[in-house]
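Thanks for coming. I will take a few minutes on one structure, starting with a term we need and then going through the contact between two chains. Please have a look at it first.

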Amino acid sequence: MASNFYFNNFNSKGEQGLIQDLIVESIKMYGIDLYYLPREIINLSSEFREQQTSQYNQAVSTVMYIKSVDGFDGEGEFLSSFGVEVREEITFSVANFTFNNDVGSLIRRDRPLESDLIWFPLNKAIFQIKYVNVRPVFYQMGALQFYDVTCELFEYSNEIFNTGIAAIDTVYNAFATTTTPYHLMSEEGVLLSTEDGFELFEEEYDIVNQPDAMNTTFTDISANFIDFSREDPFSESNARIA
Amino acid sequence: MIGGNPFYNSLFKKYVAIFGTLFNSVFIEREDAAGNIIQSIKVPIAYGPREKFLARLQDNPTGSATVSITLPRISFEIDRISYAPDRKLQTLNKTVSQKDINGNNVYKKVFSPAPYDIGFKLQILTKTMEDGLKIVEQILPYFTPEWTVQVELLGSDFNMITNIPTVLESVAIDDQYEADFTQRRVLIFVLNFTMKANFYGPITESKLIKITEVKLYADTTANSGFIDTIIRPGLTSDGLPTSNAALSVAFAQINEADNFGFIINTTQTYSGNTSG
């Protein structure tokens, strides 16, 4: 038996458009402006099927509704053996039309993608998209009008930020533990390295941007009682000379 | 009985620092698709257990963190202490310092250490498997299965270098990737080590022995007499060595570094009679 023709509007483009306009308008009224940062994978490891390095070179402004109105979800803040971890989650709703109009028209994104980032202006923190629910409401009037985007606070692993937004680039590149700023270079800008190809960097290089790192602490303490006269087993001082 | 004379040689702190030093200069390199190195990253290391309020005040002082955690990082902690009977030494052997610690012929001494194995659990947290493997692959070749460092455990006074082997017992990979997409992947490499440590008791002080006396008995079951030999340093007031007791200054004025001679005085006793 077929559905009632007079009440079934699932194929009505006009009704679908009306609901879409209402959703877009609602999110514009009650939503928040934020930045969407698409991920660019520099190197993909084929063996382990994971990205080795990523960078974020764009920040596109768009509007999303904060669905987690009671605050951040997730496990919150706790102490692990690796230090303080903050596992906060947040869910945004973004209209399909808005996303396509704001983001999709500028970058190659048909929908919000997992692993892309969202800069949340209220606490000036970046959240990484973990999961995008493309059917948060199941075919209202026969169409899908918005996405639910579940995000968690960003787990930083020396990703490169070059978005042009100082509030993002300056804050997040400061977490890097790379030796790049300490590399020794020639006047022509060529990186100096040893005969074995190891890069040379300034002696005062240290992890200064992570207060709980104890690399230098151990060196300073043990310098008083460890005998370094014997080199490590792979140094040239242990090589047998014929 | 224990605790009458409190002592603390800071050995646990030293063992923790030794272990931390083994892994405090680990770098990993990342490449682009063409194989060019684009990042060289030093891996932070820290001793895991810490006071909670200090952790919060240090790591998230504003209470509004902008990152969940920064990776990669290494953490370690002591998880086991057990006696090592196979390394037991003669208890009454003493180690004596090589230096006159206050210029008055006073030396430090300590009895043989007690051997204990300290278990260390080293954990490596990375965002990707390849980052973790880059770190582990730099660690494994050094442990065959031990890596020995030379340490002055009791300071430079004793001039004593002790070998401290650290044995790699096991490597485990905890990769929690099987979950729904809202769950984060947690990737931890767990390496268990055993450090073959020694623990010394209290360090005491004693003065330099300047006089020795030896009595030799031909027969200890009968009163048959003995030979008594006393040896002491001899030094004239001019700082010259002498074996003549009449020319020597008092032995209390003779120091280890002086150019002294030996005054040997032997007496024989025969059933109560004495002859020099």
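Two strands are said to pair if DSSP finds at least two bridges between them. One pairing that crosses between chains joins strand β12 of chain A, residues 226-227, to strand β9 of chain B, residues 146-151. The pairing is antiparallel and runs over 2 bridges. Within it, I226(A) stands opposite V151(B) in β9(B). Keep in mind that this is a predicted model.

Now chain A by itself. Chain A has 242 residues, and 41% of them are buried. Its secondary structure comes to 4 helices and 12 strands. If we take the contacts in chain A with a separation of 6 or more, 57% are between residues 24 or more positions apart.

Next, the interface. How many residues of each chain are in contact with the other? The count is 64 residues of chain A and 68 residues of chain B. The size of an interface is often given as the accessible area lost when the parts come together. Here the area buried between chain A and chain B is about 6,100 Å², with carbon and sulfur atoms giving 55% of that.

On to specific interactions. There are 7 salt bridges between chain A and chain B. One of them is formed by the side chains of E159(A) and K127(B), at 2.9 Å from N to O. Polar contacts across this interface come to 35 residue pairs. On the side of chain A that touches chain B, strand β6, residues 83-95, supplies the largest share, with 6 residues. By class, that side of chain A has 29 nonpolar, 20 polar and 15 charged residues.

Notes
Residues numbered from 1 in each chain as written. Chains lettered and ligands numbered in written order. Predicted model: local features only at pLDDT ≥ 70, side-chain atom pairs only at ≥ 80, totals over all residues. Heavy atoms only, no water. Contact = heavy atoms within 4.5 Å. Buried area = accessible area lost by both parts, 1.4 Å probe. Salt bridge = Lys/Arg side-chain N within 4 Å of Asp/Glu carboxyl O. Polar contact = N/O pair within 3.5 Å; in protein donor to acceptor, adjacent residues only side chain to side chain. Nonpolar A, V, L, I, M, F, W, Y, C, P; charged D, E, K, R; others polar. Buried < 20%, exposed > 50% of the residue type's maximum accessible area, 1.4 Å probe, protein only.
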